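Biologist: I am new to this structure and would like a close look at a single part of it, the strands towards the end of the chain. Could you take me through that part slowly, with enough of the surroundings to place it?

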Amino acid sequence: MSNSPGPDRNRVDPLAFVLLFAACLLAPVGKALSQEALSSASEAAGLGWLPAVPVQITAGLDMGYDDNVTLQPTGEGSIFTRENVVLTYARPSERTQVSLIGVGRFSQFFDVSGQNETSGNVTLSLTHNFSSRLSFYASVYGTYQNQPNFQSNVGPQNVVSPFFDTVDIFALTYHWSSRLSLVTSYTFERVQYFSSSNGNSQNGVQNTLTQNRIQNTFSEEFQFSLTSRTVLVGEYRFEAIDYDTAPMNSTTNFVLAGVNHNLTEHLMVHVRGGESFRSLENDGNMASPYFEGTLGYVRSNHSLNWTTSYGYESPTATGATTTKTWRTGLNLTYDLTSRLSSTTGVYYHHDENQGGTGSTGTQDSFDLLVGLRYTINKRFALHVDYNHTMQSSLGSTPGYSRNRYSAGLTYTY
């Protein structure tokens, strides 16, 4: 955990809205990673620089084609339109910094009925310095959407179904001395689907209502500044997951050690590793190695952010009681010229599922997002985006692939 927020860029496009979900949903190591998640979120939403005027509004209109709207093995394609609006507010000060990002959009599909979508999310970040020793950080994120999220462990990724997800982080940092700090944090997450699998259960798709859950995580972290560039970290976490209906309640204890290191002024690395001990309410105890890491690289005209993790996650496969997941994702932004910029996101995860009839086995998911943006002037910009998604089959659950193409125009007030 460090106290320096990540860099920002000035971009707004619908492709980035998907990246916004990812950045905010990734569970951070603590306060600094939470701040970096917010910075990545603002960058992804095209709000890389927070304007001198506290409030900024950006509106956009897109049109495109989706070749698998319903996420089925033989999916239906459709032309679609999408309206977007982004609201930002930023008010920094010496003692209190407040940032707000709100995203709303409406998608209409012309060739497939019943798939129109209204979605939105809000991210609020607050940092307050009580004194030179004590500071408080809060990050509140909430989203309502229909599309599955491939960048985090929210729920079944072969189902289009409305759901609400919130991840709220609260952290206190106390500096005992110039070298030793203590960070106490609490993270609350709620996942709630509002309908089942839209009648797709005959294809082995999990009923999404069984994914409804509350997750509470408590963390105590000690940081020791070995040098001006290197911080050693020791951390203990306790995680409790309670499902509304499914008998998969669990508690997990994490014992971790790691390092935050600035390799150069442009390149930083955060690493945590150790052991996790999980206790299932109806299926005994187990242990597994746990690892998470973040690498960030920033220059004047490009930035790169890479995250990876391995360990227990909440099962999303039908009937699975335990899932170990290797998850990795890379985000790259690059200014090709003073007017033309590119965005690339690559996300992959590999699930190892155990327990339950027909749910044992591995499953792979891959998501690629590529976009180009051309700035016409300070208010208008054009963009072209491509998104490819693929998920392998698991038991009676079929796999699928999806391609989405879109282009549009944005206007900033």
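Modeller: What follows begins with the whole chain, moves to the part you asked about, and then turns to other parts for comparison.

This is a predicted model, and the pLDDT averages 85 over the chain, with 84% of the residues scoring at least 70. Over residues 1-52, however, the pLDDT is below 50, although the model gives this stretch 171 contacts beyond near neighbours in sequence. Residues 198-205 also have a pLDDT below 50, and their contacts beyond near neighbours in sequence number 16. Where pLDDT is low, the predicted coordinates should not be read in detail.

The chain contains two helices and 18 strands, and of its 413 residues 53% count as buried. Among the contacts that join residues at least 6 apart in sequence, 59% are between residues at least 24 apart. About 17,400 Å² of the chain is exposed, and 61% of that area is supplied by carbon and sulfur atoms.

The part you asked about can be followed from strand β16 (residues 361-375) to strand β17 (residues 380-391), which run antiparallel and are joined by 11 bridges. The turn from β16 to β17 is a hairpin of four residues. One place to find the pairing by eye is Phe 366, whose bridge partner in β17 is Met 390. Strand β17 is in turn joined to strand β18 (residues 400-412) by 12 bridges, again in the antiparallel sense, and here Val 384 stands opposite Ala 407 of β18.

Side chains also connect these last strands. A search of the whole structure finds 10 aromatic pairs. One of them, away from the part in question, shows how such a pair is described: Tyr 174 and Trp 176 have ring centres 5.0 Å apart and planes at 85 degrees, so this pair is edge-to-face. Tyr 174 is partly exposed at 30% relative accessibility, and Trp 176 is likewise partly exposed, at 48%. Back among the last strands, Phe 380 and Tyr 411 form a tilted pair, with 4.8 Å from centre to centre and 50 degrees between the planes. This pair links distant parts of the chain, as Phe 380 belongs to strand β17 and Tyr 411 to strand β18, 31 residues apart. Phe 380 has a relative accessible area of 33% and is therefore partly exposed, while Tyr 411, at 25%, also counts as partly exposed. Together with Tyr 413, Phe 380 and Tyr 411 form one aromatic cluster.

Strand β18 also holds Arg 402, which at 7% relative accessibility falls under the 20% limit and so counts as buried. Leaving aside residues up to four places away in sequence, Arg 402 touches Asp 66, Asp 67, Asn 68, Val 69, Leu 71, Gln 147, Asn 387, His 388 and Thr 389. The C-alpha atom of Arg 402 is 9.4 Å from that of Gly 77, a residue 325 places away along the chain. Leu 71, one of the residues that Arg 402 touches, lies in the loop between β1 (55-66) and β2 (78-91) and is buried, with a relative accessibility of 3%. Its backbone deserves a look as well, for the phi of Leu 71 is near 60 degrees, a positive value in a residue other than glycine. Most residues other than glycine have a negative phi.

A further arginine, Arg 404, has its charged end over the ring of Phe 80, 5.2 Å from the ring centre.

For comparison, there is antiparallel pairing earlier in the chain too. Strand β3 (residues 96-109) pairs with strand β4 (residues 117-129) over 12 bridges, and Thr 96 stands opposite His 128 of β4. Strand β4 is joined to strand β5 (residues 134-145) by 10 antiparallel bridges, with a four-residue hairpin between β4 and β5. His 128 stands opposite Phe 136 on that side, so to speak of both partners, it faces Thr 96 in one pairing and Phe 136 in the other.

Definitions and conventions:
Residues are numbered from 1 along each chain as its sequence is written. This is a predicted model: local features need pLDDT of at least 70, side-chain atom pairs count only at pLDDT 80 or more; totals for chains, interfaces and linings use all residues. Side-chain values use heavy atoms; hydrogens and water are left out. Two strands pair if DSSP finds at least two bridges between them. pLDDT is the predictor's confidence in each residue, from 0 to 100. Contact means heavy atoms within 4.5 Å. Rings of Phe, Tyr and Trp (its six-membered ring) pair if their centres lie within 6.5 Å; planes under 30 degrees apart count as stacked, over 60 as edge-to-face and the rest as tilted. Buried means under 20% relative accessible area, exposed over 50%, partly exposed in between (1.4 Å probe, protein chains only). A charge sits over a ring if NZ of Lys or CZ of Arg is within 6 Å of the ring centre and within 35 degrees of the ring normal. Accessible areas come from the Shrake-Rupley method with a 1.4 Å probe; for residues, only the protein chains shown count as cover.
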